[in-house]
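Please open the model in your viewer and keep the sequence panel beside it, so that each selection can be followed in both places. The stops below are meant to be taken in order.

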Amino acid sequence: MRPILASLLLLTASALQAQPARAQEAAPPGLPALPPAPRVLEPFQATYEAWYRGRPAGSATMRLVRQDPRHWTIELDLRAERGVASLARLNIHQSTLFDEHDGHYRPLGQNTERRAVLFGKQVSGSYDWGAMQARWSGDISRERRRPVPLQPGDMSALLINLALMRAARPGAVLEYRFVDGGRVRGHVYHVGQTPETLAVGDMSYEALRVERRDRDGDQTLVWVADGVPTPIRILQREDGEDEVDLRLIEYRGA
């Protein structure tokens, strides 16, 4: 499966299929324009239902934690509780340590752990903004261990999620450079002109639809609601069919 977004889907898709993602290349875009009044970061915890090809597959939790006045950590935990992946007791944890610099979220360190009955993998990344390069180590190919030149505005997958929440405005076109796991790709998102109604439990939200379409036509869709610090829903489609679907159950301030 192709690696996904700037988002939860990068890990969720590979977890549910239990196979490595394919890399793709894209020309680095320019930095996205910041909104006139950036939303202030506040700690939160959000819980999602994970669906795979129309069937319940597990759950995911995303947390934003303040480490000190300058540093934050965003974390994602994925638990495969149903279907084939649950038989292997598959669990994934990803985290990114970051700060804010010149109005952008700047990654400082990244860690990914995959644990199951028969295997365990861990990959760590370091973003050196003094030397303007990033490196990854651990259970990763030699090619992806090579230094990756950094550019201002580069972000990890989880940080692009946060950036979408802050920058999504009706009709906006948002461009980001994804630098994660030894890979570099350009991501372009198109925000819908009008909100759509999405239900979360007993509540409904008016949410903007944000779409990224790959060269082969596959889609990543993210719904963003004003006042909610995390996406309402994240959906990946391949060949026009729903593949991975994360649906928000609840969220709260941490």
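Begin with the charged side chains: a search of the whole structure, which is a predicted model, finds eleven salt bridges. Side chains of opposite charge can pair when their charged atoms come close.

**Colour by confidence**

Before selecting single residues, colour the chain by pLDDT, for which the average is 81, with 80% of the residues scoring at least 70. Then select residues 1-38, where the pLDDT is below 50, although this stretch has 128 contacts in the model beyond near neighbours in sequence. Where pLDDT is low, the predicted coordinates should not be read in detail.

**Three salt bridges and a network**

Select Asp99 and Arg106, which form a salt bridge whose closest N and O atoms are 2.9 Å apart. Is Asp99 buried or exposed? Asp99 is buried, with a relative accessible area of 2%, and Arg106 also counts as buried, at 18% relative accessibility.

Move next to Arg213 and Glu211, which are joined by a salt bridge with 2.9 Å between the closest N and O atoms. Here Arg213 is exposed, its relative accessible area being 51%, whereas Glu211 counts as buried at 18% relative accessibility.

The third selection is Asp242 with Arg237, whose side chains meet in a salt bridge of 3.1 Å, N to O. Asp242 counts as partly exposed at 34% relative accessibility, and Arg237 is partly exposed as well, with a relative accessible area of 25%. Then show Arg63, Glu75 and Asp77, which are joined into one network by salt bridges that share partners.

**Strands β3, β4 and β5**

Switch to a cartoon view and select strand β3, residues 72-80, together with strand β4, residues 91-101; the two pair in the antiparallel sense over eight bridges. To see one of these positions, display Arg79 and look across to its bridge partner in β4, which is Asn91.

Now add strand β5, residues 104-115, which runs antiparallel to β4 and is joined to it by eleven bridges. Thr96 can serve as a marker, since its bridge partner in β5 is Gln110. In a regular strand the side chains alternate between the two faces of the sheet. Follow the chain from β4 into β5 and stop at the hairpin, where two residues lie between the strands and Asp102 takes a positive phi near 55 degrees.

**Aromatic pairs**

With the hairpin strands still on display, turn to the aromatic rings, among which the structure holds three pairs. In one of them, Phe98 and Tyr105 are arranged edge-to-face, with 5.7 Å from centre to centre and 70 degrees between the planes. Phe98 is buried, with a relative accessible area of 0%, and Tyr105 is buried too, with a value of 3%.

Another edge-to-face pair is made by Tyr176 and Tyr189, at 6.1 Å centre to centre and with 65 degrees between the planes. This pair links distant parts of the chain, because Tyr176 belongs to strand β9, residues 173-180, and Tyr189 to strand β10, residues 183-191, with 13 residues separating them in sequence. Tyr176 is buried, with a relative accessible area of 3%, and Tyr189 counts as buried at 0% relative accessibility.

**The nonpolar core and helix α3**

Which residues touch the most other members of the largest nonpolar core? Select Phe98, Leu162, Tyr176 and Ile232, which do so within a core of 49 residues. Helix α3, residues 157-167, gives the most to this core, with nine residues. Apart from it lies another core, of nine residues, which includes Val123, Tyr127, Trp136 and Ile140.

Return to helix α3 and show its side chains: eleven of its eleven residues are buried, so the helix is largely enclosed by the rest of the structure. Among these buried residues are Asn161 and Arg166, along with Leu158, Leu159 and Met165. An α-helix has 3.6 residues a turn, so residues three or four places apart point the same way.

For the last stop, select Ile160, which has its place in helix α3 and is buried, with a relative accessible area of 0%. A distance drawn from its C-alpha to that of Glu175 should read 9.9 Å, while in sequence Ile160 and Glu175 are 15 residues apart.

Technical notes
Residues numbered from 1 in each chain as written. Heavy atoms only, no water. Core = buried A, V, L, I, M, F, W, Y, C linked by side-chain atoms within 4.5 Å. Buried < 20%, exposed > 50% of the residue type's maximum accessible area, 1.4 Å probe, protein only. Helix = DSSP H or I, 4+ residues; strand = E, 2+ residues; numbered from the N terminus. pLDDT = per-residue confidence, 0-100. Contact = heavy atoms within 4.5 Å. Salt bridge = Lys/Arg side-chain N within 4 Å of Asp/Glu carboxyl O. Pairing = 2+ DSSP bridges. Phe/Tyr/Trp six-rings, centres within 6.5 Å; stacked < 30°, edge-to-face > 60°.
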